[in-house]
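Below are some comments on the model, set out as numbered points for a colleague who has the coordinates open.

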Amino acid sequence: MRTPLILLCASVLALPLAGLWPRAGHPVLLAMPPGTAAAAFGLEGWRIHRMTQAGPFPIIFAMPEHDAAEPARLAAAAGALFVIAARPLAGCAPVSRRI
């Protein structure tokens, strides 16, 4: 009985983590080391949409320019402490409407 309970708890904890896991072509939040400037950020296929401070840590909201933009490469190139998936802001993603 102990093993199924452990597996159930692990799967319940894995669901929010899977939702935060960045996927290619989706916007991300990067937590940068203290003192990092936005000028140090740069990788083809990504653009900075917003940058804020959370204490000493700069938080960068980055938008991909194409669907193949890979968040893991971005985090490694930028020297981010960690990267999580973000929700696109209203007005950032193209919306098509049929009338």
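1. The accessible surface of the protein comes to about 7100 Å², and carbon and sulfur atoms hold 64% of that surface. The model is a predicted one, and every value in this note should be read with that in mind. Of the 99 residues in the protein, 26% are buried.

2. As to architecture, the protein has two helices and four strands, and these elements follow one another from the N terminus in the order α-β-β-β-α-β. Among the contacts with a separation of 6 or more, 66% are accounted for by residues that lie 24 or more positions apart. Several of the pairs described below illustrate contacts across the sequence.

3. The largest nonpolar core has 12 residues, namely Val28, Leu30, Met32, Trp46, Ile60, Ala62, Ala69, Leu74, Ala75, Ala78, Ala80 and Val83. Two or more of these residues come from each of strand E1 (28-31), strand E3 (57-64) and helix H2 (71-78), and H2 gives the most, with three residues. In general terms, nonpolar side chains of soluble globular proteins tend to be buried together.

4. Helix H2 deserves a closer look, with Pro71, Leu74, Ala75 and Ala78 as its buried residues. Seen down the axis of H2, these buried residues fall within an arc of 95 degrees, and they therefore line one face of the helix. On the face of H2 turned away from this buried side one finds the exposed residues Ala72, Arg73 and Ala76. What covers the buried residues of H2 includes E1, strand E2 (46-54), E3 and strand E4 (82-85). Just after H2, Gly79 takes a positive phi of about 75 degrees.

5. Which residue of strand E3 has its C-alpha atom separated by 4.7 Å from that of Leu29? That residue is Phe61, which lies in strand E3 and is 32 residues apart from Leu29 along the chain. Phe61 has a relative accessible area of 7% and is therefore buried, the cut-off being under 20%.

6. Ala86, placed in the segment after E4, can be read together with the previous point. Is Ala86 buried or exposed? Its relative accessible area is 16%, so Ala86 is buried by the cut-off of under 20%. Ala86 and Leu29 are 57 residues apart in sequence, while their C-alpha atoms are 5.9 Å apart in space. Leaving aside neighbours within four places in sequence, Ala86 is in contact with Pro27, Val28, Leu29 and Phe61.

7. Gly25 has its place in the loop between helix H1 (2-20) and E1. The C-alpha atoms of Gly25 and Asp67 are separated by 3.9 Å, although the two residues are 42 residues apart along the chain. Once neighbours within four places in sequence are left aside, Gly25 is in contact with Pro64, His66, Asp67 and Ala69. One of these, Ala69, also belongs to the largest nonpolar core.

8. A last comment concerns the surface, where Met1, Leu5, Leu8 and Val12 make a nonpolar patch of about 450 Å². Met1 lies in the segment before H1, and with a relative accessible area of 79% Met1 counts as exposed, because the cut-off for that class is over 50%.

Notes. Residues numbered from 1 in each chain as written. Predicted model: local features only at pLDDT ≥ 70, side-chain atom pairs only at ≥ 80, totals over all residues. Heavy atoms only, no water. Core = buried A, V, L, I, M, F, W, Y, C linked by side-chain atoms within 4.5 Å. Buried < 20%, exposed > 50% of the residue type's maximum accessible area, 1.4 Å probe, protein only. Contact = heavy atoms within 4.5 Å. Patch = residues over 30% accessible without salt bridge, like charges linked within 9 Å, V, L, I, M, F, W, Y side chains within 5 Å. Areas by Shrake-Rupley, 256 points an atom, 1.4 Å probe, with all protein chains shown as cover. Salt bridge = Lys/Arg side-chain N within 4 Å of Asp/Glu carboxyl O. Arc of directions from axis to C-beta.
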